[in-house]
Amino acid sequence: MDKTSKIFEGSALVGSGSCLPTQSLTNEQISHRVETSDSWIKSRTGIGTRRVVGENESLTTLSSNAAKAAIEMAGWSPKTIDLIVLATSTPDDLFGSAPQVQAQIGSKNAVAFDLTAACSGFLFALITAAQFLRNGTMKRAVVIGADQLSSWVDWDDRRTCVLFGDGAGAIALEATEHEKNGILGFELKSDGSRGECLRLSKTKNHLTLVDGSTYQKGEFQPIAMNGQEVYKFAVREVPAILQKLLDKENTSPADLDWLLLHQANQRILDSVAERFSIPHSKVLSNLKNYGNTSAATIPVMLDEAIRDSRIKPGNLIATSGFGAGLSWGAALIKWQGPT
Ligand code: ACO
């Protein structure tokens with residue numbers, strides 16, 4: 001083994017940050033637009049309020065602010081960052097928003113690109129970034145999960161519009177020796193054959209270009225979801241992938257300090273925790289404040305629990321993301337904190 005690969009055998013989570021839009025939207029406010037109620041939404045999902053991007057905010061600014069906070073906690077100069085991966089399904093620019101984030105945070109030496117895997121996006125991006133660090137080609141990465149689903153829900157469809165919110169979270173990831181490795185294991189899965197139950201699809205709108213030729217106009221339909229199918233998918237696949245990961249890593253649920261699932265529905269969180277006999281006190285949840293912020297839920301929840309000292313250096317966390325694609329995954333991670 002050469003010297004380089006000896007040094008970079010792992011990646012450590014050394015900083016976290018998040019940024020939520022300032023504008024809140026309560027269940028009660030939504031009930032002024034569609035036929036629903038605070039008690040229905042709370043009892044079926046656990047959601048009380050959510051944040052929605054307002055006029056002076058954007059997916060890019062939220063992402064940049066989250067990244068800046070993570071970099072500051074890590075104690076890094078922005079110029080020392082090699083890689084920025086922005087997990088999002090809702091970029092401000094379909095060509096990619098990560099380069100704009102790179103410019104806003106002043107990381108002129110970093111390569112920056114978007115990665116799309118819906119609500120699993122942050123987990124997929126974290127594992128992707130870790131590969132660059134582990135193979136020795138890069139030393140410092142910022143992984144961002146951010147989404148602005150408020151732009152893509154049908155605000156007159158009560159079955160979906162009550163579920164989602166906007167936000168951004170980020171983690172600073174540093175190449176490290178094996179002893180400090182913070183990504184202990186992972187499993188990632190996709191199944192496009194079941195993708196129909198949750199879509200944000202391009203509109204099939206073919207217009208005349210010139211005589212005899214058409215083009216497909218670039219527009220998207222609002223989010224379409226079969227809630228019950230997605231629910232069944234989550235409560236079946238998340239425990240299965242977590243079990244596989246724990247078995248592979250020779251870890252028992254009792255060894256975990258925290259269970260951190262994609263924040264989609266409190267009932268999904270409770271069901272998975274019950275399956276592993278993990279007490280409620282170890283299950284991280286902020287659904288009541290933010291709803292489902294898609295790729296942002298895991299890093300926003302991580303940052304909140306790190307900053308209020310629930311998560312401490314050395315804590316072992318089982319995390320799982322799941323959502324459209326269908327895509328899902330799990331990782332066993334350890335919070336290192338600034339070194
Ligand atoms: N307010 C009041 N009534 C409602 C609402 C609402 N917001 N939404 C649906 N209802 C009604 C329905 O119309 C239906 O009425 P009906 O019986 O008269 O037809 C009734 O409530 C029950 O509807 P269900 O769809 O069966 O409700 P369910 O208990 O399944 O809850 C929910 C719906 C919350 C969407 C649930 O299925 C769920 O959480 N699924 C998972 C969704 C999810 O997690 N999606 C995101 C994951 S992937 C990602 O993060 C992108």
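**View 1. Thr 160 sits in helix H7 of this predicted model.** Helix H7 covers residues 158-161. Is Thr 160 buried or exposed? Its relative accessibility is 1%, so Thr 160 counts as buried. Buried here means under 20% relative accessible area. Beyond its neighbours within four places in sequence, Thr 160 is in contact with three residues: Asp 154, Ile 223 and Met 225.

**View 2. Five strands make up an open, mixed sheet.** The strand order is E1-E7-E6-E4-E5. Strand E1 (10-19) and strand E5 (111-115) are the edge strands, and each pairs on one side only. On average, neighbouring strands of this sheet are turned by 20° against each other, direction ignored.

**View 3. Strands E6 and E7 pair in the antiparallel sense.** Strand E6 spans residues 140-148, and strand E7 spans residues 166-176. Nine bridges join the two. One of the bridge pairs links Val 143 to Ile 171 in E7. Strands of a sheet pair through backbone hydrogen bonds.

**View 4. Helices H6 and H11 both pack on the sheet.** Helix H6 (residues 121-134) touches E1, strand E4 (83-87), E5, E6 and E7. The direction of H6 makes about 165° with that of E6. Helix H11 (residues 297-307) touches E1, E6 and E7. The direction of H11 makes about 90° with that of E1.

**View 5. The largest pocket has a volume of about 1200 Å³.** Its lining holds 47 residues. Which of them are closest to the pocket centre? They are Leu 163, Phe 164, Leu 198, Ile 223 and Met 225. Two of these names recur from View 1: Ile 223 and Met 225 are contacts of Thr 160. Two or more lining residues come from each of helix H3 (38-45), H7, strand E9 (198-199), helix H8 (227-248), helix H9 (266-275) and strand E14 (316-323). H8 gives the largest share, five residues. By type, the lining divides into 22 nonpolar, 16 polar and nine charged residues.

**View 6. Ser 201 lies in the loop between E9 and strand E10 (206-210).** Ser 201 has a relative accessible area of 19% and is therefore buried. The cut-off for buried is under 20%. Not counting residues up to four places away in sequence, Ser 201 touches Phe 220 and Gln 221. How far is its C-alpha atom from that of Ala 295? The separation is 18 Å, and the two residues are 94 apart along the chain.

Conventions. Residues are numbered from 1 along each chain as its sequence is written. This is a predicted model: local features need pLDDT of at least 70, side-chain atom pairs count only at pLDDT 80 or more; totals for chains, interfaces and linings use all residues. Side-chain values use heavy atoms; hydrogens and water are left out. Helices (H or I, at least four residues) and strands (E, at least two) are DSSP runs, numbered from the N terminus. Buried means under 20% relative accessible area, exposed over 50%, partly exposed in between (1.4 Å probe, protein chains only). Contact means heavy atoms within 4.5 Å. Two strands pair if DSSP finds at least two bridges between them. Axes are lines fitted to C-alpha atoms, for helices over the stretch in contact, and angles run from 0 to 180 degrees between N-to-C directions. On a 1 Å grid over the protein atoms alone, a cavity is a set of points where a 1.4 Å probe fits but cannot get out, and a pocket is an open set with protein on both sides within 12 Å along at least five of seven lines; lining residues have an atom within 4 Å of a point. Grid points are joined across faces, edges and corners, and a volume is the space filled by probe spheres set on the points. Ala, Val, Leu, Ile, Met, Phe, Trp, Tyr, Cys and Pro count as nonpolar, Asp, Glu, Lys and Arg as charged, and the others, Gly among them, as polar.
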